[in-house]
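Visitor: Could you pick one part of this model and give me a close look at it? I'd like a single connected walk, with the surroundings brought in as you go.

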Amino acid sequence: MVPTLVAAAVGALLAAALLGAAFDRRAVAVVVAAAVAPDLDAVASLVVPGATNALFHAIWLPLFAAAALYWDTGVSESARFRARFGWRGVRIAWVALAAFLVAGIGLDLFGSAGANLLYPIHDAYYRIDGQLLFSTQEGIVQTFVALGAEGPGILPIASPGTTGSYAIPTWVNPDGRPGLSLGADRELSLVRSGWQLVVVAAAVATLAVRFGQREVTE
Amino acid sequence: MPSTVVHAGFALLLAAALLGDYYGRRALVALLVVLVLPEADSFLGPVMSGAHRTVGHNVVFPAVGALLLYYDTRVRDRSLVRDRLSDRWVAIAWVAVFAHVFAHVALDWTHLDGVNLFWPLQDQFLALDGEILLSTADGFVQTFVDVQIDPETGARSVDAGVTGSTETVHVNNPVEPRDPAIVTDEPVDRRFPIASSGWRLYLIGLGLFALVARRLQGPEPDAE
(Lines give C-alpha, C1' and ligand atoms only; values in the text may rest on other atoms or scores of the structure.)
Protein backbone atom coordinates (compact mmCIF):
# COMPACT_ATOMS: atom_id res chain seq x y z
CA MET A 1 0.00 0.00 0.00
CA VAL A 2 0.97 3.63 -0.38
CA PRO A 3 2.91 4.74 2.70
CA THR A 4 0.71 6.25 5.40
CA LEU A 5 2.94 9.34 5.44
CA VAL A 6 1.92 10.11 1.85
CA ALA A 7 -1.77 9.72 2.72
CA ALA A 8 -1.21 12.14 5.61
CA ALA A 9 0.47 14.61 3.22
CA VAL A 10 -2.42 14.50 0.72
CA GLY A 11 -4.83 14.86 3.65
CA ALA A 12 -2.95 17.95 4.84
CA LEU A 13 -3.08 19.49 1.34
CA LEU A 14 -6.83 18.81 1.13
CA ALA A 15 -7.27 20.38 4.57
CA ALA A 16 -5.45 23.53 3.48
CA ALA A 17 -7.42 23.64 0.22
CA LEU A 18 -10.93 23.01 1.51
CA LEU A 19 -11.24 24.06 5.16
CA GLY A 20 -11.49 27.77 4.40
CA ALA A 21 -12.32 29.78 7.53
CA ALA A 22 -12.29 26.60 9.64
CA PHE A 23 -8.52 26.20 9.06
CA ASP A 24 -6.59 25.85 12.30
CA ARG A 25 -4.26 23.36 13.97
CA ARG A 26 -7.03 21.21 15.42
CA ALA A 27 -9.04 21.04 12.21
CA VAL A 28 -5.95 20.04 10.20
CA ALA A 29 -5.20 17.32 12.79
CA VAL A 30 -8.73 15.92 12.42
CA VAL A 31 -8.53 15.86 8.61
CA VAL A 32 -5.07 14.25 8.58
CA ALA A 33 -6.31 11.64 11.07
CA ALA A 34 -9.22 10.86 8.72
CA ALA A 35 -6.79 10.53 5.80
CA VAL A 36 -4.68 7.91 7.56
CA ALA A 37 -7.61 6.12 9.26
CA PRO A 38 -8.26 3.62 6.40
CA ASP A 39 -4.76 2.20 6.88
CA LEU A 40 -5.83 0.92 10.30
CA ASP A 41 -7.38 -2.09 8.56
CA ALA A 42 -3.83 -3.46 8.44
CA VAL A 43 -4.17 -3.94 12.21
CA ALA A 44 -7.51 -5.70 11.71
CA SER A 45 -5.83 -8.07 9.25
CA LEU A 46 -4.03 -9.68 12.20
CA VAL A 47 -7.41 -11.19 13.11
CA VAL A 48 -9.63 -10.91 10.02
CA PRO A 49 -8.17 -12.74 6.98
CA GLY A 50 -7.27 -10.30 4.20
CA ALA A 51 -8.63 -7.17 5.89
CA THR A 52 -5.72 -4.99 4.66
CA ASN A 53 -6.95 -2.45 2.08
CA ALA A 54 -10.40 -4.07 2.32
CA LEU A 55 -12.16 -3.44 5.64
CA PHE A 56 -11.78 0.37 5.70
CA HIS A 57 -10.95 0.71 2.00
CA ALA A 58 -14.50 -0.13 0.93
CA ILE A 59 -16.76 2.70 -0.21
CA TRP A 60 -19.64 1.78 2.13
CA LEU A 61 -18.38 3.54 5.25
CA PRO A 62 -17.77 6.95 3.62
CA LEU A 63 -20.93 6.57 1.54
CA PHE A 64 -23.00 6.00 4.68
CA ALA A 65 -21.27 8.86 6.52
CA ALA A 66 -21.84 11.22 3.57
CA ALA A 67 -25.53 10.30 3.37
CA ALA A 68 -25.97 10.81 7.14
CA LEU A 69 -24.13 14.15 7.06
CA TYR A 70 -26.06 15.35 4.02
CA TRP A 71 -29.37 14.33 5.58
CA ASP A 72 -28.59 16.02 8.86
CA THR A 73 -27.20 19.27 7.48
CA GLY A 74 -29.32 19.66 4.36
CA VAL A 75 -32.61 17.79 4.53
CA SER A 76 -33.54 17.12 8.14
CA GLU A 77 -35.49 19.71 10.14
CA SER A 78 -33.69 19.05 13.40
CA ALA A 79 -30.07 19.27 12.09
CA ARG A 80 -28.59 17.87 15.26
CA PHE A 81 -25.02 17.78 14.05
CA ARG A 82 -25.08 21.41 12.91
CA ALA A 83 -26.80 22.56 16.10
CA ARG A 84 -24.19 20.85 18.21
CA PHE A 85 -20.96 21.60 16.32
CA GLY A 86 -21.91 24.67 14.29
CA TRP A 87 -20.78 25.70 10.82
CA ARG A 88 -17.16 24.95 11.64
CA GLY A 89 -17.94 21.39 12.75
CA VAL A 90 -19.93 20.66 9.59
CA ARG A 91 -17.13 21.97 7.34
CA ILE A 92 -14.48 19.94 9.18
CA ALA A 93 -16.66 16.82 8.94
CA TRP A 94 -17.08 17.18 5.16
CA VAL A 95 -13.36 17.80 4.57
CA ALA A 96 -12.41 14.88 6.85
CA LEU A 97 -14.77 12.66 4.87
CA ALA A 98 -13.18 13.83 1.60
CA ALA A 99 -9.72 13.09 3.02
CA PHE A 100 -10.81 9.57 4.08
CA LEU A 101 -12.13 8.85 0.59
CA VAL A 102 -9.62 10.67 -1.63
CA ALA A 103 -6.38 10.44 0.36
CA GLY A 104 -7.03 7.26 2.35
CA ILE A 105 -8.78 5.04 -0.18
CA GLY A 106 -8.00 6.83 -3.47
CA LEU A 107 -4.21 6.71 -3.08
CA ASP A 108 -4.29 2.92 -2.69
CA LEU A 109 -6.68 2.52 -5.62
CA PHE A 110 -4.52 4.33 -8.17
CA GLY A 111 -1.51 2.36 -9.29
CA SER A 112 -0.60 0.97 -5.89
CA ALA A 113 -1.53 -2.17 -3.97
CA GLY A 114 -5.22 -1.78 -4.79
CA ALA A 115 -8.37 -1.30 -2.74
CA ASN A 116 -11.21 -3.75 -2.15
CA LEU A 117 -13.91 -1.20 -3.00
CA LEU A 118 -17.06 -3.28 -2.53
CA TYR A 119 -15.88 -5.43 0.43
CA PRO A 120 -17.59 -7.31 2.07
CA ILE A 121 -20.54 -7.36 -0.36
CA HIS A 122 -18.33 -8.29 -3.30
CA ASP A 123 -14.79 -9.40 -2.63
CA ALA A 124 -12.24 -8.20 -5.18
CA TYR A 125 -9.32 -5.77 -5.07
CA TYR A 126 -9.23 -3.08 -7.74
CA ARG A 127 -6.27 -1.17 -9.06
CA ILE A 128 -6.44 1.67 -11.57
CA ASP A 129 -3.22 1.71 -13.52
CA GLY A 130 -2.38 2.14 -17.17
CA GLN A 131 -1.91 5.05 -19.51
CA LEU A 132 -3.78 7.64 -21.45
CA LEU A 133 -2.05 9.40 -24.34
CA PHE A 134 -2.50 10.71 -27.83
CA SER A 135 -0.07 9.38 -30.41
CA THR A 136 0.21 10.58 -34.00
CA GLN A 137 0.71 6.96 -35.03
CA GLU A 138 -1.81 5.14 -32.84
CA GLY A 139 -4.41 7.76 -31.96
CA ILE A 140 -5.81 7.81 -28.44
CA VAL A 141 -4.44 5.05 -26.25
CA GLN A 142 -6.30 4.34 -23.03
CA THR A 143 -5.66 1.39 -20.71
CA PHE A 144 -7.02 2.56 -17.33
CA VAL A 145 -10.53 1.23 -17.79
CA ALA A 146 -10.66 -2.36 -18.94
CA LEU A 147 -14.07 -3.58 -19.98
CA GLY A 148 -14.46 -7.31 -19.51
CA ALA A 149 -11.08 -7.60 -17.80
CA GLU A 150 -10.13 -10.99 -16.48
CA GLY A 151 -10.15 -11.55 -12.74
CA PRO A 152 -12.67 -11.61 -9.95
CA GLY A 153 -13.81 -7.97 -10.17
CA ILE A 154 -17.24 -6.79 -11.33
CA LEU A 155 -16.17 -3.18 -11.94
CA PRO A 156 -14.48 -2.41 -15.30
CA ILE A 157 -11.09 -2.03 -13.58
CA ALA A 158 -8.20 -4.48 -13.45
CA SER A 159 -8.30 -6.63 -10.33
CA PRO A 160 -5.21 -8.21 -8.77
CA GLY A 161 -7.25 -10.77 -6.76
CA THR A 162 -9.51 -11.35 -3.78
CA THR A 163 -8.85 -11.32 -0.03
CA GLY A 164 -8.20 -15.06 -0.34
CA SER A 165 -5.73 -14.96 -3.23
CA TYR A 166 -4.04 -11.56 -2.80
CA ALA A 167 -2.25 -10.71 0.44
CA ILE A 168 -0.88 -7.20 1.00
CA PRO A 169 2.15 -7.08 3.30
CA THR A 170 2.42 -4.16 5.73
CA TRP A 171 4.78 -3.38 8.57
CA VAL A 172 2.03 -4.30 11.03
CA ASN A 173 1.46 -7.61 9.32
CA PRO A 174 4.51 -8.59 7.21
CA ASP A 175 2.91 -11.63 5.54
CA GLY A 176 -0.59 -10.15 5.25
CA ARG A 177 -2.20 -13.18 6.92
CA PRO A 178 -3.82 -13.49 10.38
CA GLY A 179 -1.60 -14.16 13.35
CA LEU A 180 1.30 -12.29 14.92
CA SER A 181 4.61 -13.16 13.33
CA LEU A 182 6.81 -11.65 15.99
CA GLY A 183 10.16 -12.70 14.57
CA ALA A 184 9.58 -11.46 11.02
CA ASP A 185 11.50 -8.57 9.44
CA ARG A 186 9.37 -5.46 9.25
CA GLU A 187 9.68 -2.53 6.89
CA LEU A 188 7.87 0.75 7.47
CA SER A 189 7.85 2.61 4.17
CA LEU A 190 7.89 6.39 4.43
CA VAL A 191 8.05 7.22 0.72
CA ARG A 192 8.26 4.68 -2.09
CA SER A 193 9.25 6.86 -5.01
CA GLY A 194 10.28 10.32 -6.12
CA TRP A 195 6.79 11.70 -6.71
CA GLN A 196 5.71 10.67 -3.21
CA LEU A 197 8.66 12.59 -1.76
CA VAL A 198 7.59 15.63 -3.79
CA VAL A 199 4.02 15.38 -2.45
CA VAL A 200 5.27 15.12 1.14
CA ALA A 201 7.64 18.08 0.68
CA ALA A 202 4.89 20.17 -0.94
CA ALA A 203 2.52 19.38 1.95
CA VAL A 204 5.11 20.35 4.58
CA ALA A 205 5.89 23.60 2.74
CA THR A 206 2.19 24.41 2.30
CA LEU A 207 1.42 23.92 6.00
CA ALA A 208 4.47 26.00 6.95
CA VAL A 209 3.28 28.84 4.71
CA ARG A 210 -0.32 28.67 5.94
CA PHE A 211 0.53 28.57 9.64
CA GLY A 212 3.19 31.23 9.09
CA GLN A 213 0.58 33.52 7.50
CA ARG A 214 -1.77 33.05 10.45
CA GLU A 215 0.88 34.09 12.91
CA VAL A 216 1.58 37.24 10.90
CA THR A 217 -2.07 38.27 10.73
CA GLU A 218 -2.98 37.40 14.31
CA MET B 1 7.36 14.27 -19.02
CA PRO B 2 4.51 13.91 -16.67
CA SER B 3 2.11 15.75 -18.90
CA THR B 4 1.10 19.35 -18.41
CA VAL B 5 -2.30 18.06 -17.34
CA VAL B 6 -0.68 16.27 -14.39
CA HIS B 7 1.27 19.40 -13.43
CA ALA B 8 -1.93 21.40 -13.66
CA GLY B 9 -3.82 18.91 -11.48
CA PHE B 10 -1.30 19.08 -8.65
CA ALA B 11 -0.94 22.85 -9.07
CA LEU B 12 -4.71 23.31 -8.75
CA LEU B 13 -4.62 21.58 -5.37
CA LEU B 14 -1.66 23.70 -4.23
CA ALA B 15 -3.38 26.86 -5.46
CA ALA B 16 -6.56 26.04 -3.56
CA ALA B 17 -4.42 25.32 -0.49
CA LEU B 18 -2.44 28.56 -0.63
CA LEU B 19 -4.48 31.30 -2.29
CA GLY B 20 -7.02 31.73 0.50
CA ASP B 21 -9.26 34.73 -0.21
CA TYR B 22 -7.49 35.39 -3.52
CA TYR B 23 -8.69 32.07 -4.97
CA GLY B 24 -10.64 32.74 -8.14
CA ARG B 25 -10.93 32.11 -11.84
CA ARG B 26 -8.44 34.79 -12.93
CA ALA B 27 -5.84 33.61 -10.42
CA LEU B 28 -6.16 30.03 -11.67
CA VAL B 29 -5.83 31.09 -15.31
CA ALA B 30 -2.67 33.07 -14.49
CA LEU B 31 -1.30 30.04 -12.67
CA LEU B 32 -1.98 27.74 -15.62
CA VAL B 33 -0.05 30.10 -17.91
CA VAL B 34 2.93 29.94 -15.54
CA LEU B 35 2.70 26.14 -15.57
CA VAL B 36 2.52 25.77 -19.36
CA LEU B 37 5.11 28.40 -20.29
CA PRO B 38 8.24 26.44 -19.19
CA GLU B 39 7.32 23.65 -21.62
CA ALA B 40 8.19 26.11 -24.38
CA ASP B 41 11.79 25.02 -23.86
CA SER B 42 10.81 22.04 -26.02
CA PHE B 43 10.83 24.41 -28.99
CA LEU B 44 14.41 25.47 -28.22
CA GLY B 45 15.46 21.84 -28.70
CA PRO B 46 16.20 22.12 -32.44
CA VAL B 47 18.57 25.07 -31.87
CA MET B 48 20.09 24.20 -28.48
CA SER B 49 21.17 20.69 -27.52
CA GLY B 50 19.25 19.39 -24.50
CA ALA B 51 17.20 22.57 -24.05
CA HIS B 52 14.05 20.76 -22.92
CA ARG B 53 14.09 20.18 -19.16
CA THR B 54 16.92 22.73 -18.90
CA VAL B 55 15.86 26.27 -19.75
CA GLY B 56 12.39 26.12 -18.22
CA HIS B 57 13.00 23.39 -15.67
CA ASN B 58 15.53 24.58 -13.11
CA VAL B 59 15.36 26.05 -9.62
CA VAL B 60 17.73 28.93 -10.39
CA PHE B 61 15.24 31.06 -12.34
CA PRO B 62 12.43 30.70 -9.77
CA ALA B 63 14.91 31.43 -6.96
CA VAL B 64 16.07 34.61 -8.71
CA GLY B 65 12.44 35.55 -9.38
CA ALA B 66 11.51 35.00 -5.73
CA LEU B 67 14.52 37.05 -4.53
CA LEU B 68 13.65 39.94 -6.85
CA LEU B 69 10.02 39.83 -5.80
CA TYR B 70 11.00 39.75 -2.13
CA TYR B 71 13.48 42.60 -2.53
CA ASP B 72 11.03 44.73 -4.48
CA THR B 73 7.95 44.20 -2.30
CA ARG B 74 9.52 43.96 1.16
CA VAL B 75 12.93 45.63 1.25
CA ARG B 76 12.75 48.63 -1.08
CA ASP B 77 11.11 51.81 0.14
CA ARG B 78 9.02 52.17 -2.96
CA SER B 79 8.01 48.99 -4.73
CA LEU B 80 7.81 48.90 -8.51
CA VAL B 81 5.52 45.88 -8.40
CA ARG B 82 3.17 47.28 -5.77
CA ASP B 83 2.84 50.53 -7.73
CA ARG B 84 1.38 48.59 -10.61
CA LEU B 85 -0.27 45.54 -9.00
CA SER B 86 -2.55 45.07 -6.04
CA ASP B 87 -1.73 42.88 -3.02
CA ARG B 88 -3.86 40.24 -4.66
CA TRP B 89 -1.53 39.84 -7.63
CA VAL B 90 1.58 39.94 -5.46
CA ALA B 91 0.13 36.99 -3.51
CA ILE B 92 -0.73 35.18 -6.73
CA ALA B 93 2.83 35.70 -7.97
CA TRP B 94 4.18 34.04 -4.82
CA VAL B 95 1.82 31.08 -5.26
CA ALA B 96 2.83 30.82 -8.93
CA VAL B 97 6.51 30.51 -7.93
CA PHE B 98 5.56 27.86 -5.35
CA ALA B 99 3.43 25.89 -7.82
CA HIS B 100 6.09 26.11 -10.54
CA VAL B 101 8.75 24.68 -8.22
CA PHE B 102 6.68 21.91 -6.62
CA ALA B 103 4.12 20.97 -9.27
CA HIS B 104 6.31 21.38 -12.33
CA VAL B 105 10.06 21.26 -11.72
CA ALA B 106 9.95 18.82 -8.79
CA LEU B 107 7.57 16.39 -10.51
CA ASP B 108 9.69 16.37 -13.68
CA TRP B 109 12.74 15.87 -11.47
CA THR B 110 11.34 12.44 -10.53
CA HIS B 111 10.72 11.37 -14.12
CA LEU B 112 13.03 9.74 -16.73
CA ASP B 113 16.36 11.60 -16.88
CA GLY B 114 15.11 14.29 -14.52
CA VAL B 115 15.77 18.00 -14.93
CA ASN B 116 18.81 20.22 -15.24
CA LEU B 117 18.19 21.49 -11.71
CA PHE B 118 20.94 24.11 -11.27
CA TRP B 119 21.27 25.29 -14.88
CA PRO B 120 22.74 27.75 -15.84
CA LEU B 121 25.07 27.61 -12.81
CA GLN B 122 25.84 23.96 -13.39
CA ASP B 123 25.04 21.86 -16.45
CA GLN B 124 23.97 18.55 -14.94
CA PHE B 125 20.73 16.62 -15.26
CA LEU B 126 19.55 15.15 -11.95
CA ALA B 127 16.89 12.48 -11.48
CA LEU B 128 15.14 12.04 -8.14
CA ASP B 129 14.45 8.37 -7.59
CA GLY B 130 14.53 6.13 -4.55
CA GLU B 131 12.65 5.31 -1.37
CA ILE B 132 12.80 5.91 2.36
CA LEU B 133 11.92 3.21 4.85
CA LEU B 134 12.50 2.01 8.39
CA SER B 135 13.41 -1.64 8.59
CA THR B 136 13.92 -3.92 11.58
CA ALA B 137 16.84 -5.49 9.72
CA ASP B 138 18.62 -2.40 8.35
CA GLY B 139 17.26 0.55 10.34
CA PHE B 140 16.75 3.81 8.46
CA VAL B 141 17.23 3.31 4.73
CA GLN B 142 17.12 5.97 2.03
CA THR B 143 18.15 5.46 -1.57
CA PHE B 144 17.55 8.94 -3.05
CA VAL B 145 21.11 10.10 -2.48
CA ASP B 146 23.82 7.50 -2.75
CA VAL B 147 26.75 8.30 -0.46
CA GLN B 148 29.71 5.97 -0.82
CA ILE B 149 32.95 6.02 1.11
CA ASP B 150 35.90 4.37 -0.54
CA PRO B 151 37.23 1.90 2.06
CA GLU B 152 40.86 2.39 0.97
CA THR B 153 41.22 6.12 0.38
CA GLY B 154 38.39 7.29 2.64
CA ALA B 155 37.19 9.58 -0.15
CA ARG B 156 33.48 10.30 -0.11
CA SER B 157 31.46 10.26 -3.31
CA VAL B 158 27.90 11.51 -3.38
CA ASP B 159 25.53 10.53 -6.19
CA ALA B 160 22.24 12.38 -6.16
CA GLY B 161 21.08 10.78 -9.39
CA VAL B 162 23.24 12.44 -12.04
CA THR B 163 22.14 11.37 -15.52
CA GLY B 164 24.29 13.60 -17.72
CA SER B 165 24.49 17.09 -19.18
CA THR B 166 22.83 18.97 -22.02
CA GLU B 167 25.38 17.35 -24.33
CA THR B 168 24.30 13.79 -23.52
CA VAL B 169 20.71 13.92 -22.29
CA HIS B 170 17.70 14.26 -24.52
CA VAL B 171 14.26 14.00 -22.94
CA ASN B 172 11.72 13.03 -25.57
CA ASN B 173 8.85 15.45 -26.09
CA PRO B 174 6.24 16.06 -28.79
CA VAL B 175 8.46 18.62 -30.56
CA GLU B 176 11.43 16.29 -30.67
CA PRO B 177 9.94 12.80 -30.22
CA ARG B 178 13.34 11.11 -30.20
CA ASP B 179 16.97 11.87 -29.59
CA PRO B 180 18.26 13.80 -32.63
CA ALA B 181 21.50 11.83 -32.36
CA ILE B 182 19.68 8.61 -33.29
CA VAL B 183 19.25 8.03 -37.02
CA THR B 184 16.42 5.69 -38.01
CA ASP B 185 13.93 5.19 -40.82
CA GLU B 186 10.95 4.54 -38.54
CA PRO B 187 8.03 6.93 -38.97
CA VAL B 188 7.96 9.75 -36.44
CA ASP B 189 5.52 9.04 -33.60
CA ARG B 190 4.70 12.17 -31.63
CA ARG B 191 3.18 11.19 -28.32
CA PHE B 192 1.19 13.61 -26.19
CA PRO B 193 0.84 11.87 -22.84
CA ILE B 194 -2.05 12.79 -20.56
CA ALA B 195 -1.46 10.31 -17.76
CA SER B 196 1.01 7.48 -18.22
CA SER B 197 0.47 5.75 -14.88
CA GLY B 198 -2.05 5.42 -12.09
CA TRP B 199 -0.57 8.03 -9.75
CA ARG B 200 -0.51 10.64 -12.52
CA LEU B 201 -4.20 10.08 -13.19
CA TYR B 202 -4.65 10.38 -9.41
CA LEU B 203 -2.97 13.80 -9.29
CA ILE B 204 -5.20 15.02 -12.15
CA GLY B 205 -8.25 13.73 -10.29
CA LEU B 206 -7.02 15.32 -7.05
CA GLY B 207 -6.84 18.77 -8.66
CA LEU B 208 -10.27 18.43 -10.27
CA PHE B 209 -11.69 17.23 -6.96
CA ALA B 210 -10.35 20.31 -5.15
CA LEU B 211 -11.77 22.54 -7.91
CA VAL B 212 -15.25 20.96 -7.78
CA ALA B 213 -15.31 20.79 -3.97
CA ARG B 214 -14.48 24.52 -3.74
CA ARG B 215 -17.40 25.29 -6.07
CA LEU B 216 -19.85 23.11 -4.15
CA GLN B 217 -18.95 24.51 -0.75
CA GLY B 218 -21.50 26.74 0.88
CA PRO B 219 -20.65 30.34 1.75
CA GLU B 220 -18.57 30.97 4.83
CA PRO B 221 -20.15 32.90 7.65
CA ASP B 222 -18.42 36.24 8.20
CA ALA B 223 -17.94 35.96 11.92
CA GLU B 224 -17.89 32.84 14.00
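Guide: First, the labels: helices (H or I, at least four residues) and strands (E, at least two) are DSSP runs, numbered from the N terminus. This is a predicted model: local features need pLDDT of at least 70, side-chain atom pairs count only at pLDDT 80 or more, and totals for chains, interfaces and linings use all residues. Residues are numbered from 1 along each chain as its sequence is written, while chains are lettered from A and ligands numbered from 1 in the order in which they are written.

Let's look at the sheet that the chains share. Its three strands line up as S2(A)-S1(A)-S7(B), an open sheet with antiparallel pairing. At the edges you find S2 of chain A (139–142) and S7 of chain B, each with a single partner strand, so one side of each has no neighbour in the sheet. Strands count as paired if DSSP finds at least two bridges between them, and the antiparallel pair of S1(A) and S7(B), residues 191–195 of chain B, has four. Want to find the register? Put A:Ser135 opposite B:Arg191, and A:Leu133 opposite B:Pro193.

Now zoom out to the whole meeting of the chains. Here 41 residues of chain A are in contact with 43 of chain B, contact being C-beta atoms, placed from the backbone, within 7 Å. On the chain A side, the elements giving two or more residues are helix H1 (4–18), helix H5 (80–109), strand S1 (132–135), strand S3 (187–191) and helix H6 (194–217). H6(A) supplies the largest share of that side, with eight residues.

How does the shared sheet sit in chain A's layout? Chain A has six helices and three strands, and along the sequence they read α-α-α-α-α-β-β-β-α. Its C-alpha trace spans about 55 × 45 × 45 Å along the principal axes. Of contacts in chain A between residues at least 6 apart in sequence, 61% join residues at least 24 apart. Buried residues make up 45% of its 218, where buried means 20 or more other C-beta atoms within 10 Å of the residue's own.

Back up a little from S1(A) and you're in the loop between H5 and S1 of chain A, home of A:Pro120. The peptide bond into that proline, from A:Tyr119, is cis, with omega near 0°. Chain B has a cis bond too, joining B:Trp119 and B:Pro120, with omega about 0°. B:Pro120 lies in the loop between helix H5 (87–109) and strand S1 (125–126) of chain B.

Another spot to check is A:Asn53, in the loop between helix H3 (41–44) and helix H4 (60–75) of chain A. Its phi is near 60°, positive in a residue other than glycine, and A:Asn53 is buried, with 33 other C-beta atoms within 10 Å. In chain B, look at B:Arg53, between helix H2 (25–36) and helix H3 (60–75). B:Arg53 isn't a glycine either, yet its phi is positive at about 70°; B:Arg53 is buried as well, with 31 other C-beta atoms within 10 Å.

Last stop, a pairing inside chain B. Strands S4(B), residues 146–149, and S5(B), residues 156–159, run antiparallel and are joined by four bridges. B:Val147 stands opposite B:Val158 there. The two strands make a hairpin with six residues between them, and B:Gly154 in the turn has a positive phi of about 75°.

Technical notes: Contact = placed C-beta atoms within 7 Å. Buried ≥ 20, exposed ≤ 12 C-beta atoms within 10 Å, placed from the backbone.
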